[in-house]
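Okay, everyone, thanks for coming. Let's get the structure up on the screen and walk through it together.

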Amino acid sequence: MNALEVDRLSIEFRTDRGVLQAVDRISFAVEPGRTLAIVGESGCGKSATALAILGLLAENAGRLGDIRLAGELLTPEAQRQARGRELAMIFQEPMTSLNPAFTAGEQVAEALRLHEGLSPRDAMARAVAMLERVRIPEAARRAKQYPHQLSGGMRQRVMIAIALACRPRLLIADEPTTALDVTVQAQILALLDELKRETGTAVVLITHDLGVVQDHADEVVVMYAGRVAERAPAARLFAEPQHPYTIGLLGAAPRLDSKRPRLASIEGTVPDLRDPPPGCRFAPRCPFAIEVCATTPPLREIAPLHFAACHRAPLA
Amino acid sequence: MSLDRPAGKVPLLELEGLVKHFPFRDSLGRRRGAVHAVDGVTLAVPRGSVLAIVGESGCGKSTLGRVALRLVEPDAGSLRFDGEDLLALRPAALRAKRREMQLIFQDPFASLDPRMTVEAAITEPLILHRLHRGRERARVAELLERVGLRPELARRWPHEFSGGQRQRIAIARALASEPRLVIGDEPVSALDVSVQAQVVNLLGDLIRDLGLTFVLISHDLGVVRQVADRVAVMYLGRIVEEAPAEQLFLTPRHPYTRALLAAVPGQGGALKLLEGDIPSPVSPPSGCRFRTRCPHAQALCAEVVPELMGDAGRESAGQAAHLTACHFQDSLPPATPIREAAADARLARLQSFFSTNREPTA
Ligand SMILES: Nc1ncnc2c1ncn2[C@@H]1O[C@H](COP(=O)(O)OP(=O)(O)OP(=O)(O)O)[C@@H](O)[C@H]1O
Ligand SMILES: Nc1ncnc2c1ncn2[C@@H]1O[C@H](COP(=O)(O)OP(=O)(O)OP(=O)(O)O)[C@@H](O)[C@H]1O
Ligand code: SF4
Ligand code: SF4
Ligand SMILES: [Mg+2]
Ligand SMILES: [Mg+2]
């Protein structure tokens with residue numbers, strides 16, 4: 001059974017300047033122990049999707065579509081119940097999610113107590129063990145420190161310890177390493193992979209970095225302007241990308257092994273979601289656009305498990 | 001001054017033994033220590049070349065860039081621009097010199113004055129340095145075209161532009177005074193990938209077409225690979241390796257450079273990662289500053305500071321200098337090669353359709 005199923009999820013935000021359709025009928029599923037990456041540029045709806053799954057969307061949001069956790073439909077009440085238990089999360093800036101008034105150890109212990117009903121003393125002992133497991137050096141001493149006394153990398157490790165303390169079915173990680181240096185980012189992502197293998201937790205990894213996707217995802221959803229542009233197993237997406245946006249993004253990223261004569265340049269900018277272009281939302285920037293692109297391309301399966309929302313896919 | 005060298009051979013920018021510490025005090029104003037932001041940096045930037053300074057957060061890149069333009073006074077060391085001692089210049093002379101040295105910042109939202117139209121922002125340096133008098137407006141139009149923006153946009157305000165467009169405007173403003181040296185401090189780091197690619201291509205074109213000498217400060221090794229001729233890697237205020245870009249990426253020598261390259265997303269992730277965090281720049285480790293995280297550290301590393309040195313054999317073979325600050329640079333195991341992307345003719349052909357550098361919209 002899938003750990004998570006998202007079925008035709010749409011999200012709208014009411015704003016002073018009109019309704020903004022942030023997410024438009026997106027669907028995907030994640031199996032236990034697998035990582036699904038959602039990748040796309042700023043504003044494409046990644047965080048809105050994450051928050052909808054967690055039941056943490058802002059007041060001005062409206063949501064349509066079904067979300068299932070291990071087959072159970074997630075109502076707002078079910079989401080409240082599941083958060084911090086079957087459903088865990090880590091965000092980009094751990095400082096905003098950690099409580100500045102409690103030590104690292106107390107916060108991990110609290111999660112364990114909630115989940116396992118341990119006594120305060122047992123919970124603290126287990127918390128120190130958890131901090132060791134996320135490779136915080138001198139865990140017993142660090143457990144007594146407050147978030148502001150820890151480095152960014154260590155704070156994110158504490159968040160991971162809290163998130164995994166209750167062995168969740170699903171972990172949503174929204175840009176968990178974007179604020180960190182590359183050497184620390186690499187450590188944290190490797191740690192997440194390792195813990196995921198141990199616990200069988202399914203992971204939704206949100207990132208704007210295709211390199212991160214390549215190293216850590218099993219499955220990929222590429223989003224553009226609130227819609228799924230392409231969805232495929234990771235290896236397949238990198239070997240044979242089919243949507244022009246994915247193809248452009250891959251060409252826009254510099255490479256380490258050799259200097260490219262020129263980076264692929266996707267001209268223009270993302271559309272305003274209060275007034276998106278009709279038809280394919282990528283059409284104004286797409287060098288492959290033709291007349292039919294004025295109508296919305298459906299997400300079609302163009303090879304087994306490989307979906308693209310483009311009238312011209314598969315592109316030879 | 002180096003009068004014995006022919007003028008063309010004098011590097012445009014020469015930094016020698018630069019030091020910048022930021023003291024901090026307790027509530028009674030007593031000095032409690034200092035952040036060793038830049039601690040003995042020597043670098044030369046030849047005319048028309050691009051030097052990249054890379055390293056992780058807090059290693060001193062921005063401070064070095066500011067000291068190099070004397071926007072911050074160094075505690076020690078020397079600084080020459082076009083052979084001239086910048087530290088000897090009086091304020092008025094320094095201001096005049098600034099015309100030839102410009103800085104582009106990371107944040108396109110903060111670097112433009114929200115109360116100035118694009119035209120006013122770009123005209124300001126023209127007036128300050130009395131350039132193109134009487135035809136300022138035409139010059140602004142030229143500059144906007146140069147950075148891929150339509151000249152009609154001159155009357156608009158910064159908030160009307162996207163991040164990438166604002167960075168183009170900031171570049172146009174930096175170019176207005178016709179500088180010979182431009183320092184870009186993370187000029188594309190705040191931009192999304194697709195827009196970042198546009199601006200990286202633009203910078204490459206400008207450097208080539210205008211013969212700019214460029215110092216690129218960046219933590220993004222991919223961007224550095226795309227733009228730089230030479231690369232200097234910084235760790236805790238010091239340069240640990242400096243080499244032609246190709247050599248640095250293909251045959252990195254310093255253990256830190258190797259770890260940095262291995263950690264870049266897309267390189268496979270799990271292999272041989274560095275443990276631990278960067279130590280505090282207030283009390284950097286003795287000897288080699290990297291020793292607390294270095295898998296090859298030995299007793300000597302805690303005692304003796306390794307100097308940035310070349311490898312005599314290679315230099316005599318006529319190669320450009322490849323300098324490394326590691327006691328054991330000659331006996332380290334070979335570096336793990338970076339991953340090569342498989343040649344993919346289909347993808348290359350499809351990507352070639354995305355290749356111009358105009359801003360069609362807005
Ligand atoms: N509470 C809100 N009210 C109004 N608009 C919102 C709200 N939250 C998000 N949006 C808008 O919805 C769209 C999607 O936002 P979202 O945060 O999901 O993007 P994202 O893909 O996570 O981007 P980033 O990479 O910058 O984090 C954006 O246009 C954003 O401005
Ligand atoms: N004006 C200042 N006063 C005190 N400390 C400073 C000042 N400017 C920089 N520092 C400190 O000096 C060190 C080097 O900072 P710098 O900004 O040069 O690093 P950086 O390599 O540019 O980092 P980043 O990648 O985060 O921009 C840091 O520890 C920083 O906190
Ligand atoms: S549907 Fe048309 S405009 Fe959209 S991505 Fe495909 S070719 Fe481009
Ligand atoms: S000098 Fe020693 S600690 Fe420093 S990089 Fe070389 S081997 Fe490592
Ligand atoms: Mg987001
Ligand atoms: Mg900086």
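Before I start on the ligands, a word on what I mean by helix and strand: they are DSSP runs, at least four residues for a helix and at least two for a strand, numbered from the N terminus. And please keep in mind that this is a predicted model.

Let's begin with ligand 1. Which element gives the largest share of the shell around ligand 1? That's H1(A), with three residues. S1 and S2 of chain A, like H1 of that chain, each put in at least two residues. The shell has 16 residues, and the nearest ones are Ser42(A), Gly43(A), Lys46(A), Ser47(A) and Ala48(A). By class, we've got seven nonpolar, six polar and three charged residues.

Now the polar contacts. Ser47(A) has a polar side-chain atom 2.8 Å from an oxygen atom of ligand 1. For Gly45(A), a polar backbone atom sits 3.0 Å from an oxygen atom of the ligand. Asn60(A) goes for a nitrogen atom of ligand 1 instead, with a polar side-chain atom 2.9 Å away. On its own, ligand 1 has 630 Å² of accessible area, and the protein covers 66% of it.

So what does H1(A) pack against? Let's take the sheets one by one.

There's an open sheet of four strands in chain A, in the order S2-S1-S4-S5, and the pairing is antiparallel. Strand S2 (18-30) and strand S5 (72-73) of chain A are at the edges with a single partner strand each, so one side of each has no neighbour in the sheet. Inside that sheet, eight bridges join S1 (residues 4-15) to S4 (residues 61-69) of chain A. If you want a pair to look for, Ser10(A) stands opposite Leu64(A) in S4(A). H1(A) lies across S1, S2 and S4 of chain A, at about 110° to S1(A).

Next, the eight-stranded one. This is an open sheet too, with mixed pairing, and the order in chain A is S6-S7-S8-S3-S9-S10-S12-S11. Its edge strands are S6 (87-90) and S11 (300-303) of chain A, each pairing on one side only. On average, neighbouring strands here are turned by 20° against each other, direction ignored. H1 (residues 46-54) of chain A packs on this sheet, touching S3, S6, S7, S8 and S9 of chain A, and its direction makes about 150° with that of S7(A). Over at S10 and S12 of chain A, the two strands run antiparallel and are joined by two bridges. Arg231(A) has Phe307(A) as its bridge partner in S12(A).

Over to chain B and ligand 2. Which residues surround ligand 2? Among them are Phe22(B), Val35(B), Ser57(B), Lys61(B), Thr63(B) and Pro281(B). H1(B) brings the largest share, three residues. The classes come out as five nonpolar, five polar and two charged. A polar side-chain atom of Ser57(B) is 2.7 Å from an oxygen atom of ligand 2. Polar backbone atoms join in as well: one from Gly60(B) at 3.0 Å from an oxygen atom of the ligand, and one from Cys59(B) at 3.3 Å. Taken alone, ligand 2 exposes 630 Å², and the protein buries 60% of that.

Last stop, ligand 3. It has 13 residues around it, and the closest are Cys280(A), Cys286(A), Cys293(A), Cys310(A) and His311(A). That shell divides into ten nonpolar, two polar and one charged.

Notes. Residues are numbered from 1 along each chain as its sequence is written. Chains are lettered from A and ligands numbered from 1 in the order in which they are written. This is a predicted model: local features need pLDDT of at least 70, side-chain atom pairs count only at pLDDT 80 or more; totals for chains, interfaces and linings use all residues. Side-chain values use heavy atoms; hydrogens and water are left out. A residue is near a molecule or strand if one of its heavy atoms lies within 4 Å of it. A polar contact is a pair of N or O atoms within 3.5 Å; within protein, one must be able to donate a hydrogen and the other to accept it, and residues adjacent in sequence count only if both atoms are side-chain atoms. Accessible areas come from the Shrake-Rupley method with a 1.4 Å probe; for residues, only the protein chains shown count as cover. Ala, Val, Leu, Ile, Met, Phe, Trp, Tyr, Cys and Pro count as nonpolar, Asp, Glu, Lys and Arg as charged, and the others, Gly among them, as polar. Two strands pair if DSSP finds at least two bridges between them. Axes are lines fitted to C-alpha atoms, for helices over the stretch in contact, and angles run from 0 to 180 degrees between N-to-C directions. Contact means heavy atoms within 4.5 Å.
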